[in-house]
Amino acid sequence: NHDARNIIQSGELLNEPYSDYGLTGMNQICGVADSGVYDLSCYFIDDSNEYPSIITNRSGFLEPNRRKIIQYVSFADKYDELGGHGTHVCGSIVGSSQSNLTNMNGMAPE
């Protein structure tokens, strides 16, 4: 994702003008329709204990205080595997690591 952010923002490596201007996705909501998402990944997990489960509910209810995935409407499947396509797509867009893998964050990690 690090190189992809560079290329998408400027067309060249080591240049992220949108990120440099502070456009990080903060307070924005993004919708994705794909195969599902593995929300236990370090890029999506919410271990704040604010909700009864660290897994986002699959009933379509809005959980606005979640760290990343605030709503999950299950059309095709309720879960995606760790390396699944939906997880990859969501990670490329909004993934934000809670570990030292921040160079792999998505385009809008906040």
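The following exchange asks how terms such as buried, salt bridge and pocket apply to this predicted model.

User: What makes this model suitable for residue-level statements, and how are its residues numbered?

Analyst: Residues are numbered from 1 along each chain as its sequence is written, and in this predicted model local features need pLDDT of at least 70, side-chain atom pairs count only at pLDDT 80 or more, and totals for chains, interfaces and linings use all residues. Side-chain values use heavy atoms, with hydrogens and water left out.

User: Why is Asp39 called buried or exposed, and what about Arg58?

Analyst: Buried means under 20% relative accessible area, exposed over 50%, and partly exposed in between, with a 1.4 Å probe and protein chains only. Asp39 has 4% relative accessibility and therefore counts as buried, and Arg58, with a relative accessible area of 11%, is buried as well.

User: What makes the contact of Asp39 with Arg58 a salt bridge?

Analyst: A salt bridge is a side-chain nitrogen of Lys or Arg within 4 Å of a carboxyl oxygen of Asp or Glu. The side chains of Asp39 and Arg58 meet at 3.0 Å, N to O, and this pair is a salt bridge. The pair links distant parts of the chain, since both Asp39 and Arg58 are in the loop between H2 and helix H3 (85–94), 19 residues apart.

User: How many salt bridges does a search of the whole structure find, and what does the one between Glu16 and Arg5 tie together?

Analyst: The search finds four salt bridges. In one of them the side chains of Glu16 and Arg5 meet at 3.4 Å, N to O. Glu16 lies in the loop between H1 and H2 and Arg5 in helix H1, so the pair ties together parts that are 11 residues apart in sequence. Both Glu16 and Arg5 are buried.

User: Which residues are linked in a network of salt bridges?

Analyst: The network links Asp46, Glu63 and Arg66. Within it, Arg66 forms a salt bridge with Asp46, the closest N and O atoms being 3.7 Å apart. Arg66 and Asp46 are both in the loop between H2 and H3, 20 residues apart, and the pair links distant parts of the chain. Arg66 is buried, and so is Asp46.

User: How do you know on which side of helix H1 its buried residues lie?

Analyst: Helices are DSSP runs of H or I with at least four residues, and strands are runs of E with at least two, numbered from the N terminus. The buried residues of H1 (residues 2–10) are Arg5, Asn6 and Gln9. They cover an arc of only 100° around the axis, which puts them on the same side of H1, the arc being that of the directions from the helix axis to the C-beta atoms. What covers these buried residues includes helix H2 (17–20).

User: Why are the buried residues of H3 said to line one face?

Analyst: The buried residues of H3 are Gly86, Thr87, Cys90 and Gly91. Seen down the axis of H3, these residues fall within an arc of 130°, so they line one face of the helix.

User: What makes the phi of Leu14 worth noting, and where is Leu14 found?

Analyst: Most residues other than glycine have a negative phi, and most peptide bonds are trans. Leu14 has a positive phi of about 60° although it is not a glycine. Leu14 is found in the loop between H1 and H2, and its relative accessible area of 77% makes it exposed.

User: What is the phi of Asn49, and why is Asn49 called buried or exposed?

Analyst: Phi of Asn49 is near 65°, a positive value in a residue other than glycine. Asn49 lies in the loop between H2 and H3, and with a relative accessible area of 68% it is exposed.

User: Why is Leu40 called partly exposed, and which residues does it touch?

Analyst: Leu40 has a relative accessible area of 31% and is therefore partly exposed. Taking contact as heavy atoms within 4.5 Å, Leu40 touches Ile45, Ile54 and Ile55, not counting residues up to four places away in sequence.

User: How many residues line the largest pocket, and how do they divide?

Analyst: A pocket, on a 1 Å grid over the protein atoms alone, is an open set of points with protein on both sides within 12 Å along at least five of seven lines, a cavity is a set where a 1.4 Å probe fits but cannot get out, and lining residues have an atom within 4 Å of a point. The largest pocket is lined by 32 residues, with Cys30, Gly31, Val32, Ile69 and Gln71 nearest its centre. The lining divides into 18 nonpolar, eight polar and six charged residues, where Ala, Val, Leu, Ile, Met, Phe, Trp, Tyr, Cys and Pro count as nonpolar, Asp, Glu, Lys and Arg as charged, and the others, Gly among them, as polar.
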